[in-house]
There are 2 protein chains.
Amino acid sequence: MADASGPLDRVFHALADPARRGMLERLTRGPASVSELARPLSMSLPAVVQHLAVLEASGLVISAKHGRVRTCQLEPGSLQPAEQWINERRLGWERRLDRLGDYLARQTAKGDEGSPA
Amino acid sequence: MADASGPLDRVFHALADPARRGMLERLTRGPASVSELARPLSMSLPAVVQHLAVLEASGLVISAKHGRVRTCQLEPGSLQPAEQWINERRLGWERRLDRLGDYLARQTAKGDEGSPA
DNA sequence: TTTTCACTTAAGTATATACTTAACTAATGC
DNA sequence: GCATTAGTTAAGTATATACTTAAGTGAAAA
């Protein structure tokens with residue numbers, strides 16, 4: 001799987017890098033230029049631009065150029081599918097543990113009943 | 001960033017592949033052997049084992065070998081940091097939009113007040 | 001109008017991913 | 001014991017990542 005074709009692939013991959021997560025955190029505080037995104041990161045500008053490209057390809061960020069500055073911002077709702085996927089897994093898994101707990105409780109009850117003391 | 005050192009790096013990276021997400025989905029329905037995880041995937045067993053290694057390195061899955069079969073299961077709570085990170089970003093961003101909305105509403109109100117009709 | 005600034009493009013490198021096949025090990029089942 | 005099964009290890013390959021430096025481009029400031 002080297003293509004990262006599905007939307008979730010791209011979003012999770014985008015989130016898997018601390019520099020990109022840092023850029024996203026910055027953008028939650030409002031739009032920013034490429035240089036502003038780059039400032040706290042210890043890497044070259046082109047490297048930051050490449051990270052930005054990953055973020056845009058994932059749909060998490062959009063940008064537009066005005067004059068010579070490119071302004072970036074979060075794309076509302078783009079995190080939702082990822083959040084939802086995780087949430088569904090957690091729910092499914094919790095339900096399963098609940099059922100398992102019920103089962104074990106019943107088994108214990110049966111055991112208490114069938115072989116008392 | 002080629003090391004994927006932080007826990008979030010590893011978790012998000014683990015989630016960024018459809019085969020691995022498929023394995024996780026299978027595991028939400030209960031523990032499974034390596035062969036069971038491999039069955040629906042069209043790739044060799046060693047490839048599946050490598051994906052499993054990524055899942056284990058991320059902390060999402062644990063496994064133990066009994067006899068000749070390795071049984072895998074989800075590690076409870078391991079998804080929480082990822083879910084929480086996303087959730088915090090969404091909240092921060094929604095708060096910002098709220099404030100922006102308030103600001104724009106106030107500006108509009110001032111405008112209505114200052115230059116009526 | 002010349003310089004500076006904010007990117008952008010190109011090209012190259014080291015490392016990591018996602019696989020493959022082939023050969024091996026060890027527990028089961030007969 | 002001997003074949004089968006479940007998984008492991010090793011080694012190799014193609015592609016993708018995460019950077020780098022150097023050389024543009026074009027808007028804005030001086």
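Select Arg89(A) together with Glu25(B): in this predicted model the two residues form a salt bridge, with their closest N and O atoms 3.9 Å apart. With both side chains still shown, add Arg21(B) and Asp9(A), another salt-bridged pair, in which the closest N and O atoms are 2.7 Å apart. Colouring by helix helps here, because Arg21(B) belongs to helix α2 of chain B while Asp9(A) belongs to helix α1 (residues 7-15) of chain A, so this pair joins two chains. Across the interface of chain B and chain A there are 6 salt bridges, and over all chains the count comes to 12.

Now widen the selection to the whole contact between the chains. Chain A brings 30 residues to the contact, and chain B brings 30 residues as well. The size of an interface is often given as the accessible area lost when the parts come together. For chain B and chain A the buried area is about 2,900 Å², and carbon and sulfur atoms give 69% of that area.

The next stop is an enclosed space, for which a surface display with clipping may be useful. Rolling a probe the size of a water molecule over the atoms shows where empty space is left. With a threshold of 30 Å³ or more, the count comes to 1 cavity, and the largest cavity holds about 120 Å³ of space. To find the place, select Trp93(A), Leu74(B), Glu75(B), Ser78(B) and Leu79(B), which are the closest to the centre of the largest cavity among the 14 residues that line it. Two elements give two or more residues to this lining, namely α5 (80-114) of chain A and α2 (18-28) of chain B; of the elements, α5(A) gives the most, with 4 residues. If you colour the lining of the largest cavity by residue class, you will find 7 nonpolar, 4 polar and 3 charged residues.

Leave the cavity and turn to the strands of chain A in cartoon view. Strands of a sheet pair through backbone hydrogen bonds, either parallel or antiparallel. In chain A, 3 strands make an open sheet in the order β1-β3-β2, with antiparallel pairing, and the edge strands are β1 (32-33) and β2, each of which pairs on one side only. Select residues 61-66 and 69-74 of chain A, that is, strands β2 and β3, and you will see an antiparallel pair held over 6 bridges. These two strands, β2(A) and β3(A), form a hairpin with 2 residues between them, and in the turn Gly67(A) has a positive phi of about 65°. To follow the register of the pairing, label Ser63(A), which stands opposite Cys72(A) in β3(A), and then Ile62(A), which stands opposite Gln73(A) in β3(A).

Finish with the strands of chain B. Here too an open sheet of 3 strands is found, with the order β1-β3-β2 and antiparallel pairing. Strands β1 (32-33) and β2 of chain B stand at the edges with a single partner strand each, so one side of each is left without a neighbour in the sheet. Select residues 61-66 and 69-74 of chain B to show strands β2 and β3, which run antiparallel and are joined by 6 bridges. β2(B) and β3(B) form a hairpin with 2 residues between them, where Gly67(B), in the turn, has a positive phi of about 65°. Then add β1(B), which runs antiparallel to β3(B) and is joined to β3(B) by 2 bridges.

Which residue stands opposite Ala32(B) in β3(B)? Label Cys72(B) in β3(B) to see the answer, for this is the residue that Ala32(B) stands opposite. Keep Cys72(B) selected and add Ser63(B), which also stands opposite Cys72(B).

Notes: Residues are numbered from 1 along each chain as its sequence is written. Chains are lettered from A and ligands numbered from 1 in the order in which they are written. This is a predicted model: local features need pLDDT of at least 70, side-chain atom pairs count only at pLDDT 80 or more; totals for chains, interfaces and linings use all residues. Side-chain values use heavy atoms; hydrogens and water are left out. On a 1 Å grid over the protein atoms alone, a cavity is a set of points where a 1.4 Å probe fits but cannot get out, and a pocket is an open set with protein on both sides within 12 Å along at least five of seven lines; lining residues have an atom within 4 Å of a point. Grid points are joined across faces, edges and corners, and a volume is the space filled by probe spheres set on the points. Ala, Val, Leu, Ile, Met, Phe, Trp, Tyr, Cys and Pro count as nonpolar, Asp, Glu, Lys and Arg as charged, and the others, Gly among them, as polar. Two strands pair if DSSP finds at least two bridges between them. Contact means heavy atoms within 4.5 Å. Buried area is the accessible area (1.4 Å probe) that two parts lose on being put together, summed over both. A salt bridge is a side-chain nitrogen of Lys or Arg within 4 Å of a carboxyl oxygen of Asp or Glu.
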